[in-house]
Amino acid sequence: MRPQPILSAERQVHDPEGRRRVLIVKLSSIGDIVFSLPALEALRRTRPDDFIAWVVEDRAAALLENHPLLDQVITLPRKEWRRLRREEGLLAAARAIWQFRMKLRSLRFDLAFDLQGNIKSGLVAWASRARRRFGFARQDCREPNWIFTHARLAPQPKGQHRIDRDLALLKQAGIKAEWSAITPPCTKNDGVTVDDWLEKHLSADEPLVVMIPGTSEWLKTKRWPVERYAELARRLQQKQKTRVVLSGGPGEESLLAQIADAAPNATLAPSKPWSLAETAYLFMRADLVLGSETGPIHLAATLKAPTLAMFGPYDPGPLFPYQHPEYAIYAAVACSPCRYRSCPRPVCMTQIGLEEVQTLAESILNAIPDPARCPAANKTVFLRR
């Protein structure tokens, strides 16, 4: 019997006088936000009485809304600023940005941790007027971010995992930052919604596999072929007697439908996409979550759900399922890693074979190998051609 997820209780927020005020700056994307959640856990665990706020862009804010470890979520309204510039002109957008800056400054932060490391996050940290601002070393930043910070982390090893890098930055500030599983960003209501749906559509006595075949629209090169997802679903259902749920976001309905048509026993998640909180709860119920390297896959892994991630354009070194590099598959072709948003022949994904993914998926479902007992199973599966 699989243990049921433990949901976090709502945390009552108070602001007694004299509490240290801390700002986290991590603006986007969902995957990047997920990687910084262990740093929030460490910060709250070490300084339980601090006032902790987080600045995040509107497109990723849903992951942090009502988070029990945060006292305040400050949404940077990037979409609204773009609309103002487009419809009302540069002056209107500049006025809105100035108002945001003054609001941020009025919160009088003592510390700011810039976990993003680019020019935009550096400007936000600087605008907060925090008395002490921590960031990454010059060579570990994108763009001239370092000019906005007072204290910088020493250069970190190449290929270091993003979670470890963020925890190292907290240690630089004298905070005891150790890894722990993140607080689930879901409430009891989220659990009820998902449990009711699973009970209605799926049998309770079979392993649950969640497949996430989609990726962001601007980086389709990270997608594994649709026909392989369909065949994998059929094979896992036949050999492992699994329940397969196809999960995706807005705009991916056609992609999911193609797989469902080819694998009739696979079940589509609700046509109205679940919230991030509900999706997180689904991952916690799953025996396996698999897909390409995307924000939802990183969320599943950081929640300690058994996760299989397929890497193509991106280097798995900083991004693999944390503490489980053996659950990442990477076709190390000559042109990978890369940052191209389009590719006429994405061999980095097509080189990842169906049999290889099936073998790893079955080993995870059967808990073989157990990384704690098998020291040899400690490296990413590299498929060199």
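The exercises below deal with a helix pair, a pocket and two cavities in a predicted model.

**Exercise 1. Describe how helices α6 and α9 are placed relative to each other, and which residues form their contact.**

Step 1. Locate the helices: α6 covers residues 188-201 and α9 covers residues 276-285.

Step 2. Take the axes. They come within 9 Å and cross at roughly 55°.

Step 3. Classify the angle. Angles under 35 degrees count as roughly parallel and those from 65 to 115 as roughly perpendicular. The value for this pair is roughly 55°, and α6 and α9 are therefore oblique to each other.

Step 4. Assign the hand: the crossing of α6 past α9 is right-handed.

Step 5. List the contact residues. From α6 come D190, G191, T193, V194, D195 and L198, and they meet A277, E278, Y281, L282 and R285 of α9. By class, the residues of this contact are five nonpolar, two polar and four charged.

**Exercise 2. Characterise the second largest pocket by volume, lining and contributing helices.**

Step 1. The volume of the second largest pocket is about 480 Å³.

Step 2. Its lining has 18 residues, and those closest to the pocket centre are L76, W81, I97, K120 and L123.

Step 3. Assign the lining to helices. At least two residues each are supplied by α2 (78-87), α3 (90-106) and α4 (119-127). Of the contributors to this pocket, α3 gives the most, with seven residues.

Step 4. Sort the lining by class: 13 residues are nonpolar, none is polar and five are charged.

**Exercise 3. State how many cavities of 30 Å³ or more the model has, and describe the lining of each.**

Step 1. The count comes to two cavities of 30 Å³ or more.

Step 2. Begin with the largest cavity, which has a volume of about 40 Å³. Its lining consists of F35, I163, I297, H298, A301, T302, A309, L319, F320, P321 and Y322.

Step 3. Find the main contributor to that lining. Helix α10 (residues 295-302) provides the largest share, four residues.

Step 4. Sort the lining of the largest cavity by class: nine residues are nonpolar, two are polar and none is charged.

Step 5. Turn to the second largest cavity, with a volume of about 30 Å³. The residues lining this cavity are S247, G248, A269, P273, W274 and T279.

Step 6. Sort these residues in turn: the second largest cavity is lined by three nonpolar, three polar and no charged residues.

Key. Residues numbered from 1 in each chain as written. Predicted model: local features only at pLDDT ≥ 70, side-chain atom pairs only at ≥ 80, totals over all residues. Heavy atoms only, no water. Axes fitted to C-alpha atoms, helices over the stretch in contact; angles between N-to-C directions. Parallel < 35°, antiparallel > 145°, perpendicular 65-115°, else oblique. Left-handed = near helix turned anticlockwise from the far one by under 90°. Contact = heavy atoms within 4.5 Å. Nonpolar A, V, L, I, M, F, W, Y, C, P; charged D, E, K, R; others polar. 1 Å grid on protein atoms, 1.4 Å probe; cavity = no way out; pocket = protein on both sides within 12 Å on 5 of 7 lines; lining within 4 Å. Points joined across faces, edges and corners; volume = space filled by probe spheres on them.
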